[in-house]
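Got the viewer open? Load the model, switch to cartoon view, and keep your selection box handy. We'll hop from one stop to the next.

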Amino acid sequence: MSQLIASSKLKVVVGIGVTGLSVARHLTRLGERFVMCDTRQQPPGLEQLKADMPDVPVMLGELSSDALLTADEVILSPGLTRQHPAVQQALAADIPVINDIELFARSANASIIAITGSNGKSTVTTLVGEMCADAKVVAGVGGNLGVAALDLLQSDAQLYVLELSSFQLESVQALNAEVAVVLNISADHMDRYNGLLDYHQAKHRIFIGARQVVMNRDDALTNPLVGDGVKQWSFGLGQPDFKGFGLRQHEGESWLYYQFDPLMPERELGIKGRHNCANALAALALGTACGLPMASMLDTLRRFKGLDHRCQVVGEVGGVSYINDSKATNVGATLAAITGLARGENLILIAGGQGKGQDFAPLAAALPGAVKQLVLMGEDAPAIDRAVGGLVDTVHATSLAAAVAAASQVATAGDVVLLSPACASFDMFSGFEDRGRKFAAAVEALQ
């Protein structure tokens with residue numbers, strides 16, 4: 001990386017891309033002096049940066065501590081770990097290392113609903129955004145999903161609904177959300193974190209400064225350590241109590257409840273599976289904490305059909321349902337899909353890809369009695385095979401089309417062929433969306 005010309009203190013933005021460009025626009029609006037850095041020679045967004053802000057200095061190539069030590073503040077892309085040696089030297093020199101979410105929190109002029117978790121956060125974020133729209137509340141929805149958080153500041157939002165990843169939360173000093181939730185915790189990104197505790201601590205930074213919190217009664221790892229003055233709500237698939245959302249039997253079937261009040265039958269939910277029922281209950285808790293009307297939120301739950309690539313039904317062939325859960329890029333997401341969709345041994349599971357250093361052992365307990373056949377593909381297929389240890393019938397496929405064909409051979413009417421890989425997709429696809437589209441195309445070819 002070329003040497004930065006000596007000058008007075010300024011901001012150093014590390015990472016050019018969607019997030020980096022949003023930071024550059026924000027700092028420009030504030031009249032701040034800054035320089036852009038990226039470890040890549042041709043990062044995405046470089047040409048747009050040069051066109052829109054030609055006077056902003058740009059440094060490309062290996063990230064050096066010399067560049068960061070010129071800063072009064074480093075604004076770090078979530079794609080780059082804080083453990084990078086140059087970043088560590090900046091921290092050792094007491095230079096604050098923050099990110100776009102911290103900048104957003106400093107400038108936000110409306111209340112924030114902050115949502116994270118290993119799984120379900122995109123569904124819950126989108127669902128809460130829809131609840132706001134149906135209640136005629138203007139909400140800025142984004143963060144790790146869709147619009148970069150800083151770009152939301154240019155809207156006339158009455159409320160912000162943010163999906164936040166652990167990578168984004170690592171560098172947040174004080175989010176000060178109106179209400180925050182960690183939906184669930186399961187091992188993910190273990191190639192970046194030093195174990196589950198390190199990952200858990202990153203997620204829980206979402207609660208710093210929160211005025212209200214939501215916890216998952218079914219996952220003790222989501223329980224925040226907050227003061228007595230912070231209002232607490234809960235959700236879970238069991239019976240709720242004070243300030244809680246959950247399920248109870250009513251009129252001979254399962255109903256969604258708030259405390260002891262029946263809300264709606266579970267069967268009326270537009271999103272299916274018990275894991276999605278938990279997502280719906282979480283959304284109700286978040287919306288209630290922010291004063292959204294219950295009747296309107298329940299109407300949203302009836303209408304909302306979920307997101308692409310998240311337990312999405314893409315076809316039915318010969319009485320067999322084909323479900324695209326390509327967004328399931330970790331073991332916890334796949335376990336949730338299995339638990340939510342299994343009705344006896346009715347699943348043919350397609351899994352595999354890049355495991356991100358995960359332990360696949362938890363799959364071994366979930367597959368028997370739920371999965372009729374396991375179809376494995378991709379880079380870490382052998383690791384999954386070893387973890388499962390022959391507990392279910394397993395075959396290997398060299399492509400997704402071959403995997404779908406193999407699954408279709410053993411599926412019978414009433415079965416579900418489930419693409420829920422428990423892995424990232426980049427060994428074979430451009431992303432989880434590409435993987436999901438190719439799955440849908442392979443299913444279409446069966447018809």
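Start by selecting F104, which is buried, with a relative accessible area of 0%; buried here means under 20%, exposed over 50% and partly exposed in between, using a 1.4 Å probe and protein chains only. Before you go further, know that this is a predicted model, where local features need pLDDT of at least 70, side-chain atom pairs count only at pLDDT 80 or more, and totals for chains, interfaces and linings use all residues. Residues are numbered from 1 along each chain as its sequence is written, and side-chain values use heavy atoms, with hydrogens and water left out.

Now add Y160. Its ring meets that of F104 edge-to-face, at 4.9 Å centre to centre and 80° between the planes. (Rings of Phe, Tyr and Trp, the last by its six-membered ring, pair if their centres lie within 6.5 Å; planes under 30 degrees apart are stacked, over 60 edge-to-face, the rest tilted.) Y160 is buried too, at 0% relative accessibility. The two residues are 56 apart in the chain, with F104 in helix 5 and Y160 in strand 8 (residues 159-163). Helices (H or I, at least four residues) and strands (E, at least two) are DSSP runs, numbered from the N terminus.

Next, show all of helix 5, residues 100-107. Six of its eight residues are buried, so the rest of the structure largely encloses this helix. Just ahead of it, pick N99: this residue caps the helix's N-terminal end, with a side-chain oxygen 3.2 Å from the backbone nitrogen of I101.

Move on to strand 12 (residues 244-250), where five of the seven residues are buried. On one side, look for strand 11 (residues 231-235), which runs parallel to strand 12 and pairs with it over two bridges; pairing takes at least two DSSP bridges. F235 has F245 as its bridge partner. Then select strand 13 (residues 253-258), an antiparallel partner of strand 12 over six bridges. One of these links joins L247 to L256. At the hairpin between strands 12 and 13, click E251 for a positive phi near 55°. While you're here, light up W233, F245 and Y258, which form one aromatic cluster.

Last stop: K327 and F432. The charged end of K327 sits over the F432 ring, 5.4 Å from its centre; the rule asks for NZ of Lys or CZ of Arg within 6 Å of the ring centre and within 35 degrees of the ring normal. Finish on R437, in helix 16 (residues 432-446), which is exposed at 53% relative accessibility.

Definitions and conventions: A polar contact is a pair of N or O atoms within 3.5 Å; within protein, one must be able to donate a hydrogen and the other to accept it, and residues adjacent in sequence count only if both atoms are side-chain atoms.
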